[in-house]
Amino acid sequence: MTTNSHLLELQHIHMIYTTGQRQFPAVQDVNLVVDEGEFVALLGPSGCGKSTLLRIITGLQAPTEGQVLYRGQPLHGVNPYATIVFQSFALFPWLTVQQNVEVALKARGVPPQPRSLRAIDLLDRVGLDGFETAYPRELSGGMRQKVGFARAMAVEPELLCLDEPFSALDVLSADALRGELLELWLGGGIPTRAILMVTHNIEEAVFMADRIVVMEKDPGRVVADLPVNLPHPRHHKGSEFLAVVDRVYATLAGQTEPEHVEMGTAPGEPGRTRALPLVTVNELAAVLEHLADVPHHRADIYRLADDLKINSDHLLRLTEAAELLGFATVAQGDISLTPLGETFAAASIVARKEIFATRIRRLPLFRWLLAMLAAADNHQIEADVAQTALGLDFPPPEAERQIETAVGWGRYAELLAYDDRHGVIYLEPGGVR
Ligand code: ADP
């Protein structure tokens, strides 16, 4: 059987979380193969189910449906061949660096002498020689994460799972640690057979991985599996590197749905309610104005993040909003203003508000909110009520953010008003139609 040759295989994995009455599909039909020798990055926006998948792969959590095969065998319970390194260092503060590494070995019944030798050796390999007797609080974030790696590697996992391992570190420590991990991995300095790294950092994924599995959310699913055929060491500024980064951006920014933007259905209707990208009008206007200023009104999304000093996750939300509202199109990692986007960027405040109002009225979630207000006594409802009404389509914190965003957009467009003191949303006269 071919499945025997895969180190890890996910078959039709679904994960549905149940909170109260609600069932929330966090992961939908994920199929994924990881072979020996591969470094795979799992990339996607917050909430697309990356951590959920890691917990399923390591056996910390069972999927609602589907099967995990490890070396061709169905996984039941915790996977003894896999270890996770989390972004928060999760060290025991009362133990020394060396004891923190030994803990994992002790749990596996390794006697004191070899245990201690192995810990010292590992600490040396991750560059912590001389810090064996230090306590975690005496170390920098980068050093603590190295202890985390040493501890994970102490048990010689075949499959090393990394959950955003560098995201809590400052830029310099993160860079250094990425380099060191790659050196260990590529130089065969660790017995690990494959690495699966969750990240939402595109450059990090392109810098380190052999393959990038791109996920989308609502529901969490795999939308692309992109090979990264670049030799190591990779250089962030190289043109081939940037070309791969662009390709990943293009995939994430909805290259997969180019011509017509999928609007989704209204809450309560059958079908998928499309979430509003959580951005403010001011942020969106800033991006459109910037594009209006550059040649051809077109920019490379990756550079745009740099130029505007916006993190890539958030910039993707902004490009999604621009596309959803018809102000821009995205193709091959570039974002271009549409004629409407150009008009918006050049317009006066009043004209902008009008344009914005006509655009957001088309969004099903907005139509739903306006209709609910139009039908309500005095054309007003409490924000909490609107939030609860959205509860069938989104989990509570997301419903709250959706209403917040909708109200922010609606106020700008002067379709809605909001009374902060009483938490009440009002329909403006212009909002009735
Ligand atoms: P990511 O790691 O990509 O940010 P997660 O796997 O943490 O995504 O979460 C995916 C979705 O599932 C999110 O919408 C999150 O709110 C939801 N979720 C995660 N864990 C639980 C849980 N235990 N109960 C209910 N919902 C959850």
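The residues around the ligand are Tyr 17, Phe 24, Ala 26, Pro 45, Ser 46, Gly 47, Cys 48, Gly 49, Lys 50, Ser 51, Thr 52 and Arg 55, and they are described here from a predicted model. Sorted by class, this shell holds 5 nonpolar, 5 polar and 2 charged residues. The points below begin with the ligand, and then turn to a pair of helices and to some details of the backbone.

**The ligand and its surroundings**

- Three residues may serve as a starting point for looking at the polar atoms around the ligand: a polar side-chain atom of Tyr 17 lies 3.5 Å from a nitrogen atom of the ligand, a polar backbone atom of Lys 50 is 2.9 Å from an oxygen atom of the ligand, and an N or O atom in the side chain of Ser 51 is 2.7 Å from an oxygen atom of the ligand.
- The ligand taken alone exposes 560 Å², and of that area the protein buries 65%.
- Two elements, strand S2 (22-34) and helix H1 (50-57), each give two or more residues to the shell around the ligand, and it is H1 that gives the most, with 4 residues.

**The pair of helices H11 and H12**

- The axes of helix H11 (residues 339-346) and helix H12 (residues 349-360) come within 8 Å and cross at roughly 145°, and this crossing is left-handed.
- On the side of H11 the contact is made by Leu 340, Thr 343, Phe 344 and Ala 345, while H12 brings Arg 352, Ile 355, Phe 356 and Arg 359 to it.
- When the residues of this contact between H11 and H12 are divided by class, 5 are nonpolar, 1 is polar and 2 are charged.

**Details of the backbone**

- Most peptide bonds are trans, and most residues other than glycine have a negative phi, which is the background for reading the next three points.
- The peptide bond from Asp 218 to Pro 219 is cis, with omega near -5°, and Pro 219 is found in the loop between strand S9 (211-216) and strand S10 (221-227).
- The peptide bond from His 232 to Pro 233 is also cis, with omega near -5°, and Pro 233 has its place in the loop between S10 and helix H7 (239-252).
- Asp 29, a residue other than glycine, has a positive phi near 45°, and its place is in strand S2, an element that also gives two or more residues to the shell around the ligand.

Methods:
Residues numbered from 1 in each chain as written. Predicted model: local features only at pLDDT ≥ 70, side-chain atom pairs only at ≥ 80, totals over all residues. Heavy atoms only, no water. Axes fitted to C-alpha atoms, helices over the stretch in contact; angles between N-to-C directions. Left-handed = near helix turned anticlockwise from the far one by under 90°. Contact = heavy atoms within 4.5 Å. Nonpolar A, V, L, I, M, F, W, Y, C, P; charged D, E, K, R; others polar. Near = heavy atom within 4 Å. Polar contact = N/O pair within 3.5 Å; in protein donor to acceptor, adjacent residues only side chain to side chain. Areas by Shrake-Rupley, 256 points an atom, 1.4 Å probe, with all protein chains shown as cover.
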